[in-house]
Amino acid sequence: MDHDPVRTAPRVGAAASRSRLVTRRDIALFTEISGDRNPLHYDEERAAASRFGGIVVQGGVTTAVLNAVVAEELPGPGSVFLQLDVRFLAPVRPGDVITGTVEVTSAREDKPVTGLAVRVTRDDGVVAVEGTAVCWTEPLAGR
């Protein structure tokens, strides 16, 4: 990480990423949390007949990697989304490794508010999600 989110604003152009393997368990856990039981996430036959050609994970599973990058890497601990505007460009399937990447596009000096370009890329190089975000970074005690 190339900044201290508590004392100074992140540098425009700074970037961070995090990768994870997406599994069928992620689908089940997200269903438990959200109640999303769309057949495209579970029914092999129906999903295969869809425009997606097979099982796809929920969008919330795909974008969750961005939450991890923001909270753990850049802007870092204490950070939450104030706004997230994304487009879903390609499906993500169980077995894909996805990488969430954020790049700082703006950083306020008067408030801990950071603008980001965000992207989720599959391991085959296809961009699955892209968009923008605005984050607030709460100063944490002891940091």
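In this predicted model, strands β4 and β5 make a hairpin, with 4 residues sitting between them. One residue of the turn, Gly125, has a positive phi of about 90°. The two strands run antiparallel to each other and are joined over 9 bridges. To see one spot where they line up, look for Thr114, which stands opposite Cys135 in β5.

The other neighbour of interest is β3. Together, β3 and β4 form a hairpin too, this one with 5 residues in between. The pairing is antiparallel and runs over 9 bridges. Here Thr99 can serve as a landmark, as its bridge partner in β4 is Thr121.

So what about β4 itself: is it mostly covered or mostly open? It is mostly covered, with 8 of its 10 residues buried. Thr121 is a handy residue to look at in this strand. Its relative accessibility is 16%, and because buried means under 20%, Thr121 counts as buried. Leaving out residues up to four places away in sequence, Thr121 touches Val97, Ile98 and Thr99, and also Val126, Val127 and Ala128.

Next comes the nonpolar core. In soluble globular proteins, nonpolar side chains tend to be buried together. The largest nonpolar core in this model holds 24 residues, and Val102 and Leu116 are the ones that touch the most other members. Which elements give two or more residues to this core? They are the helix α3 (59-72) and the strands β3 (97-107), β4 (113-122) and β5 (127-137). Of these, α3 gives the most, with 5 residues.

Leu116 deserves a closer look. With neighbours within four places in sequence set aside, its contacts include Val70 and Pro75. Leu116 is also in contact with Val102, Glu103, Val104 and Thr105. Gly131, Thr132, Ala133 and Cys135 complete the list for Leu116.

Finally, there is the largest pocket, with a volume of about 230 Å³. It is lined by 13 residues, and those closest to its centre are Phe52, Phe88, Ala90, Pro91 and Val92. What kinds of residues make up the lining? The lining of the largest pocket splits into 8 nonpolar residues, 4 polar ones and 1 charged one.

Note on methods
Residues numbered from 1 in each chain as written. Predicted model: local features only at pLDDT ≥ 70, side-chain atom pairs only at ≥ 80, totals over all residues. Heavy atoms only, no water. 1 Å grid on protein atoms, 1.4 Å probe; cavity = no way out; pocket = protein on both sides within 12 Å on 5 of 7 lines; lining within 4 Å. Points joined across faces, edges and corners; volume = space filled by probe spheres on them. Nonpolar A, V, L, I, M, F, W, Y, C, P; charged D, E, K, R; others polar. Core = buried A, V, L, I, M, F, W, Y, C linked by side-chain atoms within 4.5 Å. Buried < 20%, exposed > 50% of the residue type's maximum accessible area, 1.4 Å probe, protein only. Contact = heavy atoms within 4.5 Å. Pairing = 2+ DSSP bridges.
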